[in-house]
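Please examine the model below with attention to its backbone geometry and to the burial of individual residues.

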Amino acid sequence: MASSVPTSITSTQRKYDVFISFRGTDTRDNFTSHVYDALCNARIQTFIDNDLNRGDDVSDALLQTIADSKITVVIFSENYASSRWCLDELVKIMECNKENGQIVIPVFFKVDPSHVRNQSGPFGQALAPYEGHLKIQIWRDALKKAANLSGWDSKVERPEAMLIKSLVRDILDKLYYTPSSNFGDLEED
């Protein structure tokens with residue numbers, strides 16, 4: 001039976017299994033740190049931006065890391081769209097998805113997926129200051145494409161601990177790992 005993963009993912013040596021995209025001020029010290037910890041505990045090679053080498057050109061280093069990852073987890077939070085860097089990062093992520101078959105998993109953390117898709121509600125308000133910016137339509141398109149992908153919604157999958165366990169299990173499945181007894185804590189309670 002043929003694999004459903006594009007050959008570009010399996011034939012190219014990737015540096016990281018997972019790249020996490022997130023708005024630091026919203027989730028770095030809470031939800032994202034718990035996702036990162038759970039992925040590392042499952043022995044998934046994960047990049048988070050505090051792994052950058054000091055002195056690296058942040059934009060070049062992060063864009064290359066995105067391209068060097070098998071999967072990207074995009075944690076959409078209410079203020080994700082208030083960061084031009086997050087928006088540019090998302091454009092690169094969606095380019096890698098289209099061109100290289102990179103897997104993108106959106107996580108809607110305390111934000112309605114339809115608000116991301118349509119750039120409405122509080123999420124749309126975070127993007128509003130960029131109206132008229134040269135890249136606004138590119139950012140809008142990337143947001144819509146990412147929000148249309150199958151993902152995880154923190155308002156549906158509760159509590160957060162179960163959301164994180166489900167996310168890790170999903171990533172393990174996508175990476176073709178079989179959880180061993182070492183990962184028994186990932187099983188549902």
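The paragraphs that follow consider several individual residues in turn.

The model is predicted. A convenient starting point is leucine 172, which belongs to helix α9, spanning residues 160-174. Leucine 172 has a relative accessible area of 1%; because buried means under 20%, leucine 172 counts as buried. A contact in space may be examined next: although leucine 172 and alanine 42 are 130 residues apart along the chain, their C-alpha atoms are separated by 8.3 Å.

The loop between β5 (152-153) and α9 contains proline 159. The peptide bond that leads from arginine 158 into proline 159 is cis, and its omega is near -5°.

Two residues that are not glycines have a positive phi, and each may be taken with its surroundings. Arginine 43 is not a glycine, yet its phi is positive, at about 65°. Arginine 43 is placed in the loop between α3 (31-41) and β2 (46-47). Is arginine 43 buried or exposed? The relative accessibility of arginine 43 is 57%, and since exposed means over 50%, arginine 43 is classed as exposed.

Glutamine 119, likewise not a glycine, has a positive phi of about 50°. Its position is in the loop between α6 (113-118) and α7 (121-127). With a relative accessible area of 14%, glutamine 119 is buried, because this value falls under the 20% limit.

Notes
Residues are numbered from 1 along each chain as its sequence is written. This is a predicted model: local features need pLDDT of at least 70, side-chain atom pairs count only at pLDDT 80 or more; totals for chains, interfaces and linings use all residues. Side-chain values use heavy atoms; hydrogens and water are left out. Helices (H or I, at least four residues) and strands (E, at least two) are DSSP runs, numbered from the N terminus. Buried means under 20% relative accessible area, exposed over 50%, partly exposed in between (1.4 Å probe, protein chains only).
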